[in-house]
Amino acid sequence: MADDTCNDRRSSVATDVTDVAATPASTSSLYVVDDQQRRLSQTPVPSSSSPSASSSRPFAFYRDLYTKDRLDFRALARDDPAFASVCTRPGQIDFRDPAAVRQLTVSLLRRDFGLTVTLPHDRLCPPVPNRLSYVIWVTELVAATENGPPSPVVGLDIGTGASCIYPLLACTVNPSWQCVATDIDAESLTSARANVERNLLKERIKVITRSPDGSLVAVDESDTDKLTFSMCNPPFYASADEMAASATAKQQPPYSACTGAPVEMVYSGAPLSLEKIVKIDSEDIGGEIAFVGRILAESLKLRNRVRWYTAMLGKLASLVALVTQLRAHGIDNYAVTALVHGSKTRRWVLGWSFGPVRPTVAVARGGSDAVGLESYRHLLPAITEVEVFSVPRTSDAVSVGPAVDTILRGLELTSWDWDDKTLQGVGRTRENVWGRAWRRKKQREERGDVSQEQDIKRLKKVEDGTVFGFVVTIRVGVAGTVVHCRWLEGHNEAIYQSFCGFLKTKLKESTSTKSA
Ligand SMILES: C[S@@+](CC[C@H](N)C(=O)[O-])C[C@H]1O[C@@H](n2cnc3c(N)ncnc32)[C@H](O)[C@@H]1O
């Protein structure tokens, strides 16, 4: 259970509001290249069927909610008498007091999201900033990998808990989204359904009962053929003993025990067939790795029926083991991020996809906040955005756009759409049409020579049935003009690198011809 309320509290009394302030993985640096994302950050969220007064707020409001201005408990107490009543001193609460922590969650959900939520005393109390960070990252992931006209978004929350917090937040931040929420715990399910109904979200959030031996990724039960994403905060411990030992080791007050029931925090299932691929020290097989390993095993069968499978992880070791598993299964399209809360508490989120559309670097590799991932650079997903060419400010920047357009128009791409106002073009191809093998094949065709077998063999097909897609963007800045290339679609990194090399060489040739 990756939950900072229960596990990583450093001090029991919040003397400084940073104790609970979240720093979501996303920062303004996320919006560097991708226009779709840029639009997302600027476009007000459309009005919703939700009763929430806050639902007409733009996405940027939620993205920055707990980043720019840290949580100000004094202001919250001024706004909300119920929160003021649990403050021990102005602007302070005692984190050992479950009632105070619950009230903090209830008050933030009401003030910042217009949500009215009731939390049972004997179930997990979700910290809002952490849960919001994950929802924001999923929103950005979905936006960054929407290729074509926007399609309806339906998400699945596996193990929604008594709060139903992920679907409630996801549907408030994204007023067109729908969610399916699952759980096995009768008490949590009753409470989750009540929270959905209380917020008049029954039309958009469907809560379904699962059994411990049923599948985790309940697509067939979701009234939809395909899901856009799944998300999950898995049970953290492998056994009740491990949970008890952890509480003793941290010398925590029995607080975690009274807010998180064993059904929420313990998963003792085996990590299925995954242990065959990477031998994990049995001590490391916590509940979360087994739970997410099971999701991974199911995803290998379901494949594209879910566009993005995602999960939050409480241990970096779990992330490392699971990424290793993904790669062992040939899953190359994945994304990781770190969620940083206060100065110490970290969680990681892993997402993977069988689809060809690749997220931006900022979404897939944790952006500038990829704390904790520095030592694991080799496990990060492929870099999908590079600067291929630049000219200083003094050079003839105006000709760069037409040069890019001319070079790419000269290739036999499946499609190439250049917009000379935004200085951005999108291209697709089924094979490497810039390489020597392609040129030789063409020359032979022109000569009527049909013995092309050698060249055809050498001609790198992008992949059967899929394409290589890219976006070329020109940015004109104070320092100069830069040409960026983003890998948008496909599974073949070598083709992307080869294409960037080709574009760089051609642009160099083109500018040197001009200046000669
Ligand atoms: C750590 S809690 C997360 C609760 C909530 N999503 C949150 O983040 O606060 C894990 C949840 O998974 C649920 N769970 C455990 N096994 C499950 C299964 N096989 N299918 C669906 N949910 C399950 C538990 O009942 C619990 O509510």
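**Entry 1: helix H16**

I began with the burial of helix H16 and listed Val 400, Gly 401, Ala 403, Val 404, Asp 405, Ile 407 and Leu 408 as its buried residues. The model I am reading is a predicted one. Since 7 of the 10 residues of H16 are buried, I noted the helix as largely enclosed by the rest of the structure. I then looked up what H16, residues 400–409, lies across, and found E9, E10, strand E12 (468–476) and strand E13 (480–489). Relative to E10, H16 runs at about 165°.

**Entry 2: the sheet**

I next looked up the strands themselves. The sheet is open, has 5 strands and follows the order E9-E13-E12-E11-E10. I recorded its pairing as antiparallel. Which strands are at the edges? They are E9 (385–392) and E10 (415–419), each of which pairs on one side only. On average, neighbouring strands of this sheet are turned by 15° against each other, with direction ignored.

I followed one pairing in detail. Strand E11 covers residues 424–429 and pairs with E10 over 5 bridges, in the antiparallel sense. I looked up the partner of Trp 416 and found Gly 427, in E11. For the record, strands of a sheet pair through backbone hydrogen bonds.

**Entry 3: cysteines**

I searched for disulfides and the structure holds 0. A disulfide is a covalent bond between the sulfur atoms of two cysteines. I checked Cys 500: why is its sulfur not bonded to the closest cysteine sulfur? The closest cysteine sulfur is in Cys 485, and at 3.9 Å it is too far for a bond; the cut-off for a disulfide is 2.5 Å. Cys 500 has a relative accessible area of 8%, so I entered Cys 500 as buried. I also checked Cys 125, which counts as buried because its relative accessibility is 1%.

**Entry 4: helices H6 and H7**

Last, I looked at a helix pair. Helix H6 spans residues 98–113 and helix H7 spans residues 128–144. Their axes are 10 Å apart, and the two helices pack at an angle of about 50°. That angle makes H6 oblique to H7.

I listed the residues that meet. On the H6 side they are Thr 105, Leu 108, Leu 109 and Phe 113; on the H7 side they are Val 128, Pro 129 and Leu 132. I sorted the residues of this contact by class and got 6 nonpolar, 1 polar and no charged.

Conventions. Residues are numbered from 1 along each chain as its sequence is written. This is a predicted model: local features need pLDDT of at least 70, side-chain atom pairs count only at pLDDT 80 or more; totals for chains, interfaces and linings use all residues. Side-chain values use heavy atoms; hydrogens and water are left out. Two strands pair if DSSP finds at least two bridges between them. Helices (H or I, at least four residues) and strands (E, at least two) are DSSP runs, numbered from the N terminus. Axes are lines fitted to C-alpha atoms, for helices over the stretch in contact, and angles run from 0 to 180 degrees between N-to-C directions. Contact means heavy atoms within 4.5 Å. Buried means under 20% relative accessible area, exposed over 50%, partly exposed in between (1.4 Å probe, protein chains only). Angles under 35 degrees count as roughly parallel, over 145 as roughly antiparallel, 65 to 115 as roughly perpendicular and the rest as oblique. Ala, Val, Leu, Ile, Met, Phe, Trp, Tyr, Cys and Pro count as nonpolar, Asp, Glu, Lys and Arg as charged, and the others, Gly among them, as polar.
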